[in-house]
Structure formats: C-alpha cells, structure tokens
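Please examine the structure shown below together with its sequence. The paragraphs that follow treat the ligand site, then selected strands and residues, and finally the protein as a whole.

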Amino acid sequence: MNLTLKVWRQKNDRSEGKFEDYPLSDVSEDSSFLEMRDILNEQLVEKGKEPVAFDHDCREGICGMCSMTINGIAHGPQRATTACQLHMRHFKDGDTVVIEPWRSKAFPVIRDLVVDRSSFDRIIEAGGYISVGTGQAPDGNNIPVEKDKASHAFDAATCIGCGACVAACPNASAMLFVSAKVSHLAQLPQGNVEAKRRARKMVQQMDDEGFGYCSNISACEAECPKEISIEHIARLNREYLSTSLSSEETASS
Ligand code: SF4
Ligand code: FES
C-alpha cells in the first residue's frame, strides 16, 4: 500500500516542532508499524537526511517504550495494542497517517517522537516499591495470598508504564498509572510495610511533576494498551484517603 506519513519533527525541547509529510510506497500489510517506521528511516538516511527519532525496545508489548500517538490515538487505532504490536493491515492504501509524540508538560519532547518520561521514574521512587529482607529468596508459598487479591494485583501489575493514559487524558493526568502501581502493591501482604505512606507520597510526586487532575473522563482506560481499569483509581482514592486520615491522626495525637 502507499501511504503519506505526517510526522512530528522537533530538534529538542527548546525548539519549535512541526509536521513534515513523507510519502511511503509499497508498504506490506504484514509489516509492523515500527518496521514501517524503520523503512522510512532507512530511506531518509539513504537521502542524507536525519532519521525520525522514536523510542522502542522489546517490540513485544512489554517494555512500554514505543510511545507515540497515531491518528490522534495513543498507540494507534487497535484497542489494547501497543504501537510496536500494531500491524499495517489495520491501515489502507492511500491513508494519511499522523504520528506525534505524547503531549504533556510532564513529558517534554527530547527529539521528534521521543519524550522524557523520567517523571514516572520519580513517582515510582516516591513509593512504588516494597521493602524486603536480603538473603535467600523465600519459598514461593511462604506468604499465602488469596486468589482474587492475587488476580487483581496481577491485573494492576500489567501496567507497562508507557504513558498512553497521560497522552489520552485531556488533563494529562497520570492517575491511571499511579493507581495501577498503588493498587498492585496495596493488595499484597508484601506491600503492607509502606502502605501507610505510599499513596500520599506518589500522589504528591505526581502533582509536583505537573500532571493534571482526574475528572473521570475515562479516556485513559480506553487507550491503555494493557486495559488497566479505572477501578484502580477508586482504590487509589481509598488508599489516599486512609493514609491521609491516619497521618492526620498521628499528627493530632
Ligand atoms: S496505565 Fe496503561 S496507559 Fe498508563 S502507563 Fe500503565 S499501561 Fe500505559
Ligand atoms: S517496544 Fe516495548 S512495548 Fe513497544
């Protein structure tokens, strides 16, 4: 198929970006979206032009690196699919495909489609961890976990930290990401040690990074490639409230 790619080009976070058009012919419908991007870059390099910078790593839907908005949708038109797992058979001959970076103040553009998502790392550093004793790995069955709690925790743990929820949200809120991380640990006994402060600290860091507020639009859930449910946001709110109340009680006693 023949396509026109409308791609965001931006030198760095201080320069102004703009869309540039690139015609691309004979694209196989069996190729992946990123393979199609590789072909464009090979052609640009052959012509002595700068290739388009974009993030990618595993190309298996695991690492969360392939952040890009395709035709106005984070990760593109295929539901529950990362950009690297998207195939060209979902496009048709003659299509114009618009490709741009995540748009959020907290994700500044580094170059072209690559954004700086270290704000997510700092949110994790603020509380997305558990304390464990060092030494030999404990036996897998040492700490029994109820099946439904383990399943819910696992659902939350499938978040790959891609940032599509932020890109999809008109407020650029990171609530779905933060809620997945809090919900994952809040439901496991191993997460109890830090439970009293985790939600408060992670939400505080999220606010400090400049992410927007949540107004229950649910665009995050609709465009999340791992189908993380907004039910986790309700759990985050409960955790936040209980940790805030317990810290107030401690302060007043
Ligand atoms: S909640 Fe979904 S969209 Fe947001 S970072 Fe996790 S996997 Fe990506
Ligand atoms: S490149 Fe790893 S999830 Fe897409």
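In this predicted model, the description begins at the bound molecule. Ligand 1 is surrounded by a shell of residues that comprises Cys159, Ile160, Gly161, Cys162, Gly163, Ala164, Cys165, Leu176, Phe177, Cys224, Pro225 and Ile228. Sorted by class, this shell around ligand 1 contains ten nonpolar residues, two polar residues and no charged residues. Two helices, helix 4 (164-168) and helix 5 (175-186), each contribute at least two residues to the shell. The space that ligand 1 takes up is the largest cavity.

The next element to consider is strand 1, which covers residues 3-9. Is this strand largely enclosed or not, and why? Five of its seven residues are buried, so strand 1 is largely enclosed by the rest of the structure; a residue counts as buried when its relative accessible area is under 20%.

Strand 1 is joined to two other strands. With strand 2 (residues 18-24) it runs antiparallel, and seven bridges connect the two. Within this pairing, threonine 4 has proline 23 of strand 2 as its bridge partner. With strand 5 (residues 96-100), by contrast, strand 1 runs parallel, and the two are joined by four bridges. Here valine 7 is matched with isoleucine 99, its bridge partner in strand 5.

The loop between strand 1 and strand 2 contains glutamine 10. Is glutamine 10 buried or exposed? Its relative accessibility is 10%, and therefore glutamine 10 counts as buried, the limit being under 20%. A polar atom of the glutamine 10 side chain lies 3.2 Å from the backbone oxygen of serine 15.

A further residue of interest is glycine 127, which is found in helix 2 (residues 118-127). Because its relative accessibility is 3%, glycine 127 also counts as buried. In sequence, glycine 127 and alanine 80 are 47 residues apart, while in space their C-alpha atoms are 27 Å apart.

These elements may now be placed within the whole protein. Its secondary structure amounts to eight helices and seven strands. The C-alpha trace spans about 70 × 40 × 35 Å along its principal axes. Of the 253 residues in the protein, 43% are buried; glutamine 10, at 10% relative accessibility, and glycine 127, at 3%, are among them.

Key
Residues numbered from 1 in each chain as written. Chains lettered and ligands numbered in written order. Predicted model: local features only at pLDDT ≥ 70, side-chain atom pairs only at ≥ 80, totals over all residues. Heavy atoms only, no water. Near = heavy atom within 4 Å. 1 Å grid on protein atoms, 1.4 Å probe; cavity = no way out; pocket = protein on both sides within 12 Å on 5 of 7 lines; lining within 4 Å. Sits in = over half its atoms within 2 Å of the grid points. Nonpolar A, V, L, I, M, F, W, Y, C, P; charged D, E, K, R; others polar. Buried < 20%, exposed > 50% of the residue type's maximum accessible area, 1.4 Å probe, protein only. Pairing = 2+ DSSP bridges. Polar contact = N/O pair within 3.5 Å; in protein donor to acceptor, adjacent residues only side chain to side chain.
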